Number of protein chains: 2
Amino acid sequence: MMARVALEHAILVSLLEQPGSGYELARRFDRSIGRFWTATHQQIYRVLKRMEADGWVTAEEIDQDGRPDKRRYSVAAPGRSVLTTWLREPVQPESVRHELAVKIRGAAFDDAAGRAALLAEVERYRADHETTLHRYQTGEQRDFPDPGALDTGQRLQHVVLRGGIAYEQMVLAWLDDVLETLHGLGR
Amino acid sequence: MMARVALEHAILVSLLEQPGSGYELARRFDRSIGRFWTATHQQIYRVLKRMEADGWVTAEEIDQDGRPDKRRYSVAAPGRSVLTTWLREPVQPESVRHELAVKIRGAAFDDAAGRAALLAEVERYRADHETTLHRYQTGEQRDFPDPGALDTGQRLQHVVLRGGIAYEQMVLAWLDDVLETLHGLGR
DNA sequence: TCTTGATATGCAACTAGTTTCATAGCATGA
DNA sequence: TCATGCTATGAAACTAGTTGCATATCAAGA
């Protein structure tokens with residue numbers, strides 16, 4: 001039993017890369033880690049409590065002046081061994097929840113007004129992905145200016161980021177195809 | 001409240017395209033619909049019961065000789081109006097759960113043996129995606145041999161399938177990049 | 001004959017994830 | 001001064017999704 005769990009492992013990786021508070025983790029899940037694993041702050045706080053109780057992570061209270069205190073978490077030895085065990089297990093297929101694709105097929109059962117509304121939504125959605133792509137590309141130039149001079153961890157982070165960039169570029173090209181197809185229905 | 005729900009909507013679209021039993025839906029979710037929305041047969045049977053109770057779908061008992069009876073579901077008027085309402089709501093960002101990406105970043109905290117094991121997993125994973133791509137391409141040639149002569153529903157299904165193909169091609173190219181990067185760490 | 005596998009449906013128990021609400025200090029700008 | 005927004009954590013209630021088990025028919029092959 002157990003085996004796929006998942007959020008725990010993403011948190012362990014993130015804390016090994018850089019210890020931090022629940023709040024900081026939530027922001028990372030909105031940014032870098034969130035590219036391939038999403039989580040709300042509620043879930044993160046809950047899972048961190050459980051991981052602390054199980055001895056996978058340790059917490060340190062940090063007084064901050066001007067701001068509320070925070071609890072900085074770090075990975076403990078048992079957490080690290082949980083992670084390495086998990087790393088050697090077979091990779092599960094990625095799971096996709098692509099609402100837009102469902103809506104596009106659903107548009108066949110709506111009228112012209114509905115398809116026009118969908119078209120506008122696709123354009124908004126495209127703009128969001130364009131913003132995301134630019135953010136990734138800016139991050140790449142900032143964090144990996146000299147790809148020849150990276151250590152192991154940085155090279156692995158870089159190849160994952162390149163995956164995010166390739167994904168966004170693919171999505172943008174596909175959305176152009178979708179827009180053209182939706183326009184073509186009207187003719 | 002309510003609004004994102006989701007599996008219900010994917011089932012409504014699938015049943016509008018073609019009425020069918022829970023079992024048949026589960027197979028479609030393993031194949032075509034499953035490209036962008038996954039669900040187990042348990043979840044599908046449970047949601048179908050609820051949708052039937054809410055009057056979104058109607059069921060018809062079908063006797064089959066040689067096989068167990070089945071219940072064929074069709075979308076009823078209230079279900080159709082639920083769907084069109086949902087179609088006009090803003091599209092939620094797709095949610096990605098990409099375990100492999102977490103493991104790649106995690107590999108920075110494992111030893112050479114762990115990275116070698118990951119490399120083998122990435123190769124197996126790549127073979128799976130190659131199979132998926134071939135299945136999509138075969139399906140495309142079978143279902144859309146003449147892209148000029150398609151009705152609205154088929155054009156929309158086709159553009160979603162092209163998205164699946166573009167996704168698989170992008171994944172394969174990225175996995176080659178990952179393999180090269182993992183090999184490069186050993187040198 | 002016996003096993004395996006496909007068709008076909010479902011309950012029960014569990015785990016994961018979301019939403020709503022609450023609290024509290026300080027900074028910034030209108 | 002007042003509203004807004006960011007930092008920071010959390011409880012409670014709910015919804016969604018997974019896993020394990022159970023059942024039954026029939027076909028195909030060992």
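## Close-up views of the chain A–chain B interface and DNA strand C

**Figure 1. About 6,800 Å² is buried between chain A and chain B, and carbon and sulfur atoms give 63% of that area.** Within chain A, the residues that lose the most area to chain B are A:R97, A:R105 and A:F109, which together make up 13% of what that side buries. Please keep in mind, here and in the views that follow, that this is a predicted model. In terms of contacts, 67 residues of chain A meet 67 residues of chain B.

**Figure 2. Eight salt bridges are found across the interface of chain A and chain B.** For a good example to zoom in on, try B:R88 and A:D111: they form a salt bridge whose closest N and O atoms are 3.0 Å apart. Polar contacts between chain A and chain B come to 33 residue pairs, counting pairs with both residues at pLDDT 80 or more.

**Figure 3. Several elements of chain A build the side that touches chain B, with α7(A) giving the most, 20 residues.** Two or more residues each come from α1 (7–17), α4 (77–87), β3 (95–97), α5 (99–106), α6 (112–143) and α7 (152–186) of chain A. What is the make-up of this side by class? The side of chain A that touches chain B has 33 nonpolar, 16 polar and 18 charged residues.

**Figure 4. A strand from each chain joins in antiparallel pairing: β3(A) with β3 (residues 95–97) of chain B.** The two strands are linked over three bridges. Take a look at A:R97, whose bridge partner in β3(B) is B:S95. A:R97 is also one of the chain A residues that lose the most area to chain B.

**Figure 5. Both chains supply residues to the surface near DNA strand C.** At least two residues each come from α3 (41–53) of chain A and from α2 (22–30), α3 (41–53) and β2 (70–75) of chain B. By class, the residues of this surface divide into four nonpolar, nine polar and 10 charged.

**Figure 6. Among the 23 residues around DNA strand C, those that come nearest are A:Q43, A:R46, B:Y23, B:Q42 and B:Q64.** Of the DNA strand C atoms that come within 4 Å of the protein, 60% belong to sugar and phosphate. Which part of DNA strand C does a polar side-chain atom of A:R46 approach? For A:R46, the partner is a base oxygen, 2.6 Å away. A polar side-chain atom of A:Q43, on the other hand, lies 2.7 Å from a phosphate oxygen of the strand. From chain B, B:K49 places a polar side-chain atom 2.9 Å from a phosphate oxygen of DNA strand C.

Conventions:
Residues are numbered from 1 along each chain as its sequence is written. Chains are lettered from A and ligands numbered from 1 in the order in which they are written. This is a predicted model: local features need pLDDT of at least 70, side-chain atom pairs count only at pLDDT 80 or more; totals for chains, interfaces and linings use all residues. Side-chain values use heavy atoms; hydrogens and water are left out. A residue is near a molecule or strand if one of its heavy atoms lies within 4 Å of it. A polar contact is a pair of N or O atoms within 3.5 Å; within protein, one must be able to donate a hydrogen and the other to accept it, and residues adjacent in sequence count only if both atoms are side-chain atoms. Helices (H or I, at least four residues) and strands (E, at least two) are DSSP runs, numbered from the N terminus. Ala, Val, Leu, Ile, Met, Phe, Trp, Tyr, Cys and Pro count as nonpolar, Asp, Glu, Lys and Arg as charged, and the others, Gly among them, as polar. Contact means heavy atoms within 4.5 Å. Buried area is the accessible area (1.4 Å probe) that two parts lose on being put together, summed over both. A salt bridge is a side-chain nitrogen of Lys or Arg within 4 Å of a carboxyl oxygen of Asp or Glu. Two strands pair if DSSP finds at least two bridges between them.
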